[in-house]
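Work through the exercises below with the coordinates open. Try each task before reading its solution.

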Amino acid sequence: MGAKDGLTAYRGKRHFDRTREPPGAPAGAGDTSSFVVQIHDASTLHFDFRLEVDGVLKSWSVPKGPSADPHDKRLAMPTEDHPLEYREFEGVIPEREYGAGTVIVWDQGSYRPLPRKKKGRALSFRQALEDGHVSFWLDGSKLHGGYALTRFRTGEGPGKRESWLLVKEHDDRAGRRGTPDARRARSVRSGRTLKRVAAEEGTGRGGG
């Protein structure tokens, strides 16, 4: 699926004359693949984990955020693809808009897929995603080393939602560090907290 088609759901949920979120444009493949982790204080406070794949950001909502501890299994719920420009988005989504609330960029960097085979055949990263399991190496400002995303529920059937787990691999970048307090965490781009971003944009959202 191309970037243009892949962003249909994203654009359909937003009014770009009311929100500063980027509408996005089709993008080609770059020399490296990027990732971003944003903290989003919306109806619930959560982390958004996004990987660049085929010109869009494949996205998961991770309520507890990624962890450096391989013992932590983090629930990750798929959301719609986002445009690559969303890597830089930080600010307040207005009330009554989809996802209303404050967003900061907690971490960003590049990643590389780790090889995966099925029945002796090498899978592309997109094929591995469709198959329900990918491993990758993160080179971020805060997150480093191997991680894996594994689908454990397909979402088929009434009332079912597709669900994944995000887990740190056992490697020399693993540790016992969990995820920091989202309300105290600072943006890797601006050094601001949720509270400061909310205050500077004239709203009381963003927590204590």
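**Exercise 1. A pair between strands**

Are K58 and D81 buried or exposed? Find out how their side chains meet, and where each residue lies.

Solution. The model is a predicted one.
- Step 1: apply the cut-off. Buried means under 20% relative accessible area.
- Step 2: classify the residues. K58 is buried, and D81 is buried too.
- Step 3: check the side chains. K58 and D81 form a salt bridge, with 3.1 Å from N to O.
- Step 4: place the partners. K58 sits in strand β3 (residues 56-62) and D81 in strand β4 (residues 73-83), so the bridge ties together parts that are 23 residues apart in sequence.

**Exercise 2. A pair between loops**

Which parts of the chain does the salt bridge between D69 and R176 tie together? State the accessibility of each partner.

Solution.
- Step 1: take the distance. The side chains of D69 and R176 meet in a salt bridge at 3.0 Å, N to O.
- Step 2: locate the ends. D69 is in the loop between β3 and β4, and R176 is in the loop between β11 (163-168) and α4 (194-200), so the pair joins parts that are 107 residues apart in sequence.
- Step 3: read the accessibility of D69. Its relative accessible area is 5%, so D69 is buried.
- Step 4: do likewise for R176. Its relative accessible area is 67%, so R176 is exposed.

**Exercise 3. Loop to helix, then a network**

Where do R116 and D131 lie? Then name the residues that salt bridges join into one network.

Solution.
- Step 1: measure the gap in the model. The closest N and O atoms of R116 and D131 are 2.6 Å apart, and the two form a salt bridge.
- Step 2: assign the elements. R116 is in the loop between β6 (101-113) and β7 (117-118), while D131 is in helix α3 (residues 125-131); the partners are 15 residues apart.
- Step 3: classify D131. At a relative accessible area of 30%, D131 is partly exposed.
- Step 4: trace shared partners. K13, R14, E21 and E80 are joined into one network by salt bridges that share partners.
- Step 5: give the total. The structure holds 20 salt bridges.

**Exercise 4. Positive phi**

What is the phi of D54 and of R96? Place both residues and classify their exposure.

Solution.
- Step 1: take D54. Its phi is positive, about 55 degrees, although D54 is not a glycine.
- Step 2: place D54. The residue is in the loop between β2 (45-53) and β3. D54 has 45% relative accessibility, so it counts as partly exposed.
- Step 3: take R96. Phi is near 70 degrees, again a positive value in a residue other than glycine.
- Step 4: place R96. The residue is in the loop between β5 and β6. R96 has 80% relative accessibility, so it counts as exposed.

**Exercise 5. Contacts across the sequence**

With which residues are E97 and R151 in contact, leaving aside neighbours within four places in sequence?

Solution.
- Step 1: start with E97. This residue is in the loop between β5 (91-93) and β6. Its relative accessibility is 8%, so E97 counts as buried.
- Step 2: list its contacts. Neighbours within four places aside, E97 is in contact with R14, H15 and R18.
- Step 3: add a distance. E97 and R18 are 79 residues apart in sequence, yet 7.9 Å apart in space, C-alpha to C-alpha.
- Step 4: turn to R151. This residue belongs to strand β10 (residues 144-153). With a relative accessible area of 25%, R151 is partly exposed.
- Step 5: list its contacts under the same exclusion. Among them are L129, E130, D131 and W164.
- Step 6: add a distance. The C-alpha atoms of R151 and S163 are separated by 5.8 Å, and the residues are 12 apart along the chain.

**Exercise 6. The whole chain**

How does the radius of gyration of the chain agree with that of a compact globule?

Solution.
- Step 1: count the elements. The chain has four helices and 11 strands.
- Step 2: compare radii. For 208 residues, a compact globule would have a radius of gyration near 17 Å; the chain has 17 Å, which agrees.
- Step 3: check burial. Of the 208 residues, 46% count as buried.
- Step 4: compare charges. There are 37 positive and 29 negative side chains, and the centres of the two sets are 4 Å apart.

Notes. Residues are numbered from 1 along each chain as its sequence is written. Side-chain values use heavy atoms; hydrogens and water are left out. Helices (H or I, at least four residues) and strands (E, at least two) are DSSP runs, numbered from the N terminus. The radius of gyration is taken over C-alpha atoms; the globule rule is 2.2 Å times the number of residues to the power 0.38. Buried means under 20% relative accessible area, exposed over 50%, partly exposed in between (1.4 Å probe, protein chains only). Lys and Arg count as positive and Asp and Glu as negative; His and the chain ends are not counted. The place of a charge is taken as NZ of Lys, CZ of Arg, CG of Asp or CD of Glu. A salt bridge is a side-chain nitrogen of Lys or Arg within 4 Å of a carboxyl oxygen of Asp or Glu. Contact means heavy atoms within 4.5 Å.
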